[in-house]
Amino acid sequence: MATEELEAIIQRCQILEEEDFKGEDFNLFQVACQKCLEEGYAVKVLEVFKNEKNKVIVKNMGWNLVCPLVRCILSYNLEDEKREHCLSILDKLVQLCNPKELLLGLLEQIEQASGEQISQTILLLLQPLQTVLLKFHSKKSYSVGLSLSTILNQLSLLPVPYTKEQIQEDKLGLCKCCSAVVGFAKPFVDQVVQSVEASTESDVRELKEELLKFCLKSLKYPLLIAQLDQLHEDVEEDPLRHFATEILDILINIGELMPIMFSHRGSRNQNWNNPHFLDMDRKHSADSLACLSYLVFVQYFGIDCFPMVFSPSYLLQCNMTHIEVLLKRTEESVLTKGLDLLGNCLLRNGDNSLHHQYLEFKGFITTPQDLVKVMTLCPIEHLRKKSLKILQLYIDKFDAEGKYTLFRCLLTTSNHSGVEGYVIQNIKNQIDLSLKKANGCKWFTGPHLVSLLDLVLLLPEGSETDLLQNSDRIMASLNLLRYLVIKDNEYDNQIGIWTELNKIEQNFLKPLHTGLNMSKTHYEAEIKSKKENRRVAHNSQTVCSVTVGGEKMPNMTTEMQLQVLHSALFTFDLIESVLARVEELIEVKIKNVTDKNIGGHVKHLMS
Amino acid sequence: MTTDEATKNEGEVQAAALAERGEDITPNKDRGVLKIVKRPGTEDASPMIGDKVYVHYKGKLANGKKFDSSRDRNEPFIFSLGKGQVIKAWDIGVATMKKGEICQLVCKPEYAYGSAGSVPKIPSNATLFFEIELLDFKGEDLFEDGGIIRRIKRKGEGYSNPNEGATVEIHLEGFHGGRIFDCRDVTFVVGEGEDHDIPIGIDKALEKMQREEHCILYLGPCYGFGEAGKPKFGIEANAELVYEVMLKSFEKAKESWEMDTKEKLERAAIVKEKGTVYFKAGKYTQAVIQYGKIVSWLEMEYGLSESESKEAQSFLLAAYLNLAMCYLKLREYIKAVECCNKALGLDQVNEKGLYRRGEARLLMNEFELAKCDFQKVLKVNPQNKAAKSQLTICQQKMKEHNERDRRIYANMFKKFAERDAKEAGKATGERDAEKAMCEKELETQVTEGKA
């Protein structure tokens, strides 16, 4: 019997002094304890542990007994009194054993857990771990750091709950662990805070360093991934939001919020200099810092500690690095953060207030291109819409020359007919605004505009251009041209369209005619042959296949193909009708001018 | 009256008083920023534009409510003056202060956060009240290495800076030890100042200057004429220089995104040639700038036709190889290795790439890796004599190194070996090592007990 074996060893050992123990005694004791635990005699083990006389042998068993003990605890139901006994044994271990050994034992347990046991183990062991760490007198920072990083590494294996229901259910316990780990870190934070004055002390400095790493790591996971929007009515109860505030509080309390928010700017105070942090791989901290910026500026966490004297344009500039990081990702929650942060920074600036030369700062010209990527490639609809909205906001904030540069850049880089159409629409609005002003802006009239129009009023690949693919762009260009022809007075040529007609004719209208004719003939022929085929082989199975995202779509029947072909023809007709309208207008206006000139000429002759 | 109202009224009274007595310091004289000196400065010096200034401040809204204070954070607030980093009122106000001065500023919304406000603390169209103490200021350290310190005498226009390759028209005066050695108007291309006896520090500083800017630049030797000095101007080796520069005008070089592939390829040929001229003249920093352009233009170019792509690749390969050579000369071996790696990414068996990487590694004392590279060179071209002799050097150095190590570590090795034997099989990771220590402690306790 296990209990008897244990009893026997105890009998033998109790009389020994510590130095008289032999290695085998420990072994026997360990085996016996383990057996007792496994066979359900926890109460017996507890009895042994409680006995003052056994203190000596128990003292050295910490590391060895943690594993079987944790296994037992996790296997019992919450109500089981055996579980209570085991917990009491754990308490005893923590009280009696060598802390250094115990620390390793506890961390080993946390590290080895997997699946559902990850959070159970963490929740179970945080308290003992904290007690053990607090027993370390000096040089504890390394151990605290090791503990925190072990815990976060384990938590990073758990998926972040997303919906309100998932958060409430907290199936894998991530949320519970997050709030528990804050409690775990609290005494160490307090220690740093209390010794702020004596911060030259190396141990405190190291401890601060470890806490900083912990905060940065938490920002990267789970906070960056978590949906921290105020989606849920009872915001206060969202545990991940709560975790975020706690992390920010730690950063503020240890006096590191400002330093790290400016760490990438190189304009740091000497006091803020922090060699260890610089050593840390900056790439790893980029995600964390981006998340931190989001929390401060969009969610206002810790904003009270942020200086309120920076200019809005400078804040945008500082945040651009973070926005770039966020927009390069594909996860919904991360992209949302990037878009929200950009939107927030833009809204701080007045319309037309950003000087065009900001576009020369890092990220200012690439970010709108990133927005276009989200708009055209992101599979999530509301993000595509949001991205478009923010692109418009972005355009609105720049001065005329900035808008002009942005348009040029977007037209040459977007490679997407819809986006190009959108930009062309924007150009039209700017011309309109410029015409309404007394002395129009030089960027959207005259030579500058003409050079911009060179990018718009053309077919990218001449008459060979795929008109269907480019229909958005072509329609927008035609609308713009129509607008220009109507608005620009043929006599004073303010916008400058009339001197450009030849070029437009050559680069745009003529190839468009040719293209339309070719496409229409091609599609009509296609329809005809489809129809004939249908008559010949009625079983319309031999058809083209379409793959979307690598997945084969159901084959198209001849009927469906015909439908597509017809709708293409319809598009061509639409383009053709607008084209006809534009050409008609041009003709009339040119005729006016020549008539008038001739008239004037005649009048001149007659007088 | 409630306390809230009381503070509000008090705030308003204060505000009114300030508005009455304050001096209008706006350039437009529109009373947008009013200033009252509370305590005059201790020195007469005021900060210059671009200087790094250290202040303590607190800010209040018109109702007296404090919205921010650097003293609450226990940290002076630091910013670059006149760069638009802070609200307009501050850039204007702090520039008028003397070291040690304390003043109050009343800032109209147009000089603060305007109609947008600043969520969540500053409402729309708010007038702000600040009390500012100017603690200190110093010249701007342009590259955070102390090599170029700039003090701006007159601020330039706008935000645009000349980029590498821009054509600039400047007036410059060079001083050394109180003697003026150079004074002229000159037009040149940024990155090619050397052609006009202008040190590299001026090229670098120009990239941070604006049109019409007038500044003083304090150049360390590595940004000046360096080890070679400049006999023409009577400048000895490693001299520190002071330049006064006025940027009269400039025309920017096209950015990468503004050029199409054809243009990039045409220009690549030109800058490659320029780089080679610099290289032959021993101007390696300048050569790096030229070759670097090729990389920035062509490294990320997509959608090329086959012939374009071939051409681009050959330019890139040449650029990487030449950059590697320059970095070898500049003793920046890590960068040299990086460039070789990129070159080898394009052409795995490039003889020069392998050879230069070998050289760089040899100079970094990475003998094994260097040896590998030279061996690969010989595999590609068994006739390469230089590689053969480098291999011999490698062997020799390895031997020397080993012997020295052996001498130094002779005793230590012995100790290590003993300990290793003891711990063998126990320690793998860090934690295991710790565990092992624990066990050992246990053992010693026990054995001591027994003894």
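What share of the contacts in chain B with a separation of 6 or more comes from residues 24 or more positions apart? The share is 64%, where contact means heavy atoms within 4.5 Å.

This is a predicted model: local features need pLDDT of at least 70, side-chain atom pairs count only at pLDDT 80 or more, and totals for chains, interfaces and linings use all residues. Residues are numbered from 1 along each chain as its sequence is written, chains are lettered from A and ligands numbered from 1 in the order in which they are written, and side-chain values use heavy atoms, with hydrogens and water left out.

**Exercise 1. Take stock of chain B.**

Step 1. Count the elements. Chain B has 12 helices and 13 strands. Helices (H or I, at least four residues) and strands (E, at least two) are DSSP runs, numbered from the N terminus.

Step 2. Look at burial. Of the 451 residues in chain B, 45% are buried. Buried means under 20% relative accessible area, with a 1.4 Å probe and protein chains only.

**Exercise 2. Describe how helices α6 and α7 of chain B pack.**

Step 1. Recall the two descriptors. Two packed helices are described by the angle between their axes and the distance between the axes.

Step 2. Read off both. Helix α6(B) spans residues 284-298 and helix α7(B) residues 306-329; they pack at about 150°, with axes 9 Å apart. Axes are lines fitted to C-alpha atoms, for helices over the stretch in contact, and angles run from 0 to 180 degrees between N-to-C directions.

Step 3. Classify the angle. That makes α6(B) roughly antiparallel to α7(B), since angles over 145 degrees count as roughly antiparallel and those under 35 as roughly parallel.

Step 4. Give the handedness. The crossing of α6(B) with α7(B) is left-handed. In such a crossing the near helix is turned anticlockwise from the far one by less than a right angle.

Step 5. List contact residues. α6(B) contributes residues including B:Y284, B:V288 and B:Y291, and α7(B) residues including B:F315, B:L316 and B:Y327. By class, the contact of α6(B) with α7(B) has 15 nonpolar, two polar and one charged residues. Ala, Val, Leu, Ile, Met, Phe, Trp, Tyr, Cys and Pro count as nonpolar, Asp, Glu, Lys and Arg as charged, and the others, Gly among them, as polar.

**Exercise 3. Repeat the analysis for helix α5 against α7 of chain B.**

Step 1. Helix α5(B) covers residues 261-280 and packs on α7(B) at about 25°, with axes 11 Å apart.

Step 2. α5(B) and α7(B) are therefore roughly parallel to each other. The crossing of α5(B) with α7(B) is left-handed.

Step 3. Among the residues that meet are B:L265 and B:K272 in α5(B), and B:E308 and B:M325 in α7(B). The contact of α5(B) with α7(B) holds nine nonpolar, one polar and four charged residues.

**Exercise 4. Place strand β6 of chain B among its neighbours.**

Step 1. Recall the pairing rule. Strands of a sheet pair through backbone hydrogen bonds, either parallel or antiparallel.

Step 2. Find the partners. β2(B), residues 33-39, runs antiparallel to β6(B), and six bridges join them. β7(B), residues 128-138, also pairs with β6(B) in the antiparallel sense, over six bridges. Two strands pair if DSSP finds at least two bridges between them.

Step 3. Check the register. B:I36 has B:Q104 as its bridge partner. B:I102 has B:E133.

Step 4. Check burial. Six of the six residues of β6(B) (102-107) are buried. One face carries B:I102, B:Q104 and B:V106; the other carries B:C103, B:L105 and B:C107.

**Exercise 5. Find the edges of the six-stranded open sheet in chain B.**

Step 1. Write the order. The sheet runs β8-β9-β12-β13-β10-β11, with antiparallel pairing.

Step 2. Look for strands with a single partner. These are β8 (140-141) and β11 (179-189), so one side of each is left without a neighbour in the sheet.

Step 3. Inspect an inner pair. Six bridges join β12(B), residues 214-219, to β13(B), residues 241-251. Here B:I216 stands opposite B:E244.

**Exercise 6. Is B:G201 buried or exposed?**

Step 1. Locate the residue. B:G201 lies in helix α4(B), residues 200-206.

Step 2. Read the area. B:G201 is buried, with a relative accessible area of 0%.

Step 3. Name the contacts. Leaving aside neighbours within four places in sequence, B:G201 touches B:I148, B:L219 and B:Y223.

Methods
Parallel < 35°, antiparallel > 145°, perpendicular 65-115°, else oblique. Buried < 20%, exposed > 50% of the residue type's maximum accessible area, 1.4 Å probe, protein only.
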